[in-house]
There are 2 protein chains.
Amino acid sequence: MNQTKRYLDIVRDIRDMIRQEKIKPGDRIPSERELAETMQVGRSTLREALRSLELLGLIETRRGEGTFLSDHRNHTLVEVLSTFVLQDNQSHKDVWETRLLHEVAAIQTICQNEAASQMKVWDSFRLHLKHDSFQREDFVRELMVLSGNRLSLKIWFLLKQYSGNPYDGTVTSDEIEHMNHILTAIEQQDAETAVREFRAWDEWLQKERIRNGNDS
Amino acid sequence: MNQTKRYLDIVRDIRDMIRQEKIKPGDRIPSERELAETMQVGRSTLREALRSLELLGLIETRRGEGTFLSDHRNHTLVEVLSTFVLQDNQSHKDVWETRLLHEVAAIQTICQNEAASQMKVWDSFRLHLKHDSFQREDFVRELMVLSGNRLSLKIWFLLKQYSGNPYDGTVTSDEIEHMNHILTAIEQQDAETAVREFRAWDEWLQKERIRNGNDS
DNA sequence: AGAATATGAGTGGTCAGACCACTTTCAAAA
DNA sequence: TTTTGAAAGTGGTCTGACCACTCATATTCT
């Protein structure tokens, strides 16, 4: 009768339980034997659901202690995915484009918001640009955060990892000009220019990445 | 001694096996009992590894038949998103905005592509608009498909469901004008206008929805 | 009394064996 | 030749049993 996979139901049930019981990250969830009994399923079936949740980084299990709601998002998911999935070029392209799509949207949102576009964060970035080494990812992440859309931020975070962390590393001297253009345009709330400059940077980054050889 | 999770080892072993045996997408992999024996692990332990792989969309299991390498090997990411991005109470607003974000990007992509923007699909839509009843969703879905980004399409599909299927129902006479404007702009490859018109329609739709009472 | 130790309950990790429901295959019966 | 059905093989589930580990408690030793 019930065609849906059992363990997926359990995944949903556990999620609902967490929500109802108001269990917070770091908290312990009931033991496997307990859960199995209340949900009327065998322990091995329940464990299949738990393994799924664990692989996604949602829970953390410690032998002898228990199972806990994870507080830091685990990255094992991405490792597994990257080793298996990304073979054909279309996937790569889709992921890259979709990530870029979210970034562009974030920039547009920021430019439309006077408060966000005039943030003092940008000044601090400017300082870093001159003096210290500068992590690319910090810049883009800040854009995503300031856009105010948390869902978009999370999707972006996943896509970033999924496309092999394209922002790893620090900015080179070649990139500083790009960054400055982008920052200026944002401060002037000139969305069109900001997006164009960002796209140029992205394109440059992609070529750079290919030049240095990209991992599978 | 062995601190690493057993089932993760198995995941790796399975991956290696697939590589060595040159199993291709769609092919069948050895049965659970067989795998368990050759890998010297219990069947339930092996199954925990398989469930993880299945949740990621890497394999596909069919009762009575066997386990197969998934042939649509990309975009499993989306299922992942559904389970852990949307677990906490994301505001309705974020979901709506993110969906809109993908739709707007799709329109822009289509407008930049001469072939897509001149598709005969639009003519057929025009005809429907005049005569038959017209499903809102058909229109938007077509946009997403024609954008060519399959990942974006799947994310959109999910977001649509999570925002309570905002496109349910047929277009009313009030909306026909909106649709016509959008179609015209697309055919003229005028992205700016197309997006503006689409946003206007979206806004109208949102208000309409609130007026009629929306489910969570 | 205080510190070191031993114990036991509880937990996740693993395994073996047993059914069940289902699909495929192929030989026997029509 | 076609139909039928029995058997083998598959994933799905459950049970009960150990193991390894952690932690709180009680016990013993100094």
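**Close-up 1. The protein surface beside DNA strand C in this predicted model.** Five elements each give at least two residues to the surface near DNA strand C: α2 (32-38), α3 (43-55), β2 (59-62) and β3 (66-69) of chain A, together with α3 (43-55) of chain B. Helices here are DSSP runs of H or I with at least four residues, strands are runs of E with at least two, and both are numbered from the N terminus. In total, 26 residues surround DNA strand C, and the closest are Glu32(A), Arg43(A), Arg6(B), Gly42(B) and Thr45(B). A residue is near a strand if one of its heavy atoms lies within 4 Å of it. Sugar and phosphate make up 66% of the atoms of DNA strand C that come within 4 Å of the protein. By residue type, this surface splits into 1 nonpolar, 10 polar and 15 charged. Asp, Glu, Lys and Arg count as charged; Ala, Val, Leu, Ile, Met, Phe, Trp, Tyr, Cys and Pro count as nonpolar; the others, Gly among them, count as polar.

A quick note on reading these views: residues are numbered from 1 along each chain as its sequence is written, while chains are lettered from A and ligands numbered from 1 in the order in which they are written. Since this is a predicted model, local features need pLDDT of at least 70, side-chain atom pairs count only at pLDDT 80 or more, and totals for chains, interfaces and linings use all residues, with side-chain values taken from heavy atoms, leaving out hydrogens and water.

**Close-up 2. Polar contacts to DNA strand C.** A polar contact to DNA is a pair of N or O atoms within 3.5 Å. Glu32(A) uses a backbone N or O atom, 2.9 Å from a phosphate oxygen of DNA strand C. Arg63(A) puts a polar side-chain atom 3.1 Å from a sugar or linking oxygen. From the other chain, Arg43(B) has a side-chain N or O atom 3.4 Å from a base nitrogen of the strand.

**Close-up 3. The surroundings of DNA strand D.** Here 26 residues surround the strand, with Arg6(A), Gly42(A), Thr45(A), Glu32(B) and Arg43(B) the closest. Sugar and phosphate account for 63% of the strand's atoms within 4 Å of the protein. A backbone N or O atom of Glu32(B) sits 2.9 Å from a phosphate oxygen of DNA strand D. Look too for Arg47(B), with a side-chain N or O atom 3.0 Å from a phosphate oxygen, and Thr67(B), with a polar side-chain atom 2.9 Å from one.

**Close-up 4. The largest nonpolar core.** A nonpolar core is a set of buried Ala, Val, Leu, Ile, Met, Phe, Trp, Tyr and Cys residues joined through side-chain atoms within 4.5 Å. This one has 28 residues, and Trp122(A), Phe139(A), Leu143(A), Ile186(A), Phe198(A) and Trp201(A) have the most contacts inside it. Its largest share, 6 residues, comes from α5(A). Leaving out residues up to four places away in sequence, Trp201(A) touches several residues, including Phe139(A), Tyr167(A) and His178(A); contact means heavy atoms within 4.5 Å.

**Close-up 5. Arg199(B) on its helix.** Arg199(B) belongs to helix α11 (residues 191-212) of chain B. It counts as partly exposed because its relative accessibility is 38%; buried means under 20% relative accessible area, exposed over 50%, and partly exposed in between (1.4 Å probe, protein chains only). Beyond residues up to four places away in sequence, Arg199(B) touches Leu100(B) and Val104(B).

How values were computed:
A polar contact is a pair of N or O atoms within 3.5 Å; within protein, one must be able to donate a hydrogen and the other to accept it, and residues adjacent in sequence count only if both atoms are side-chain atoms.
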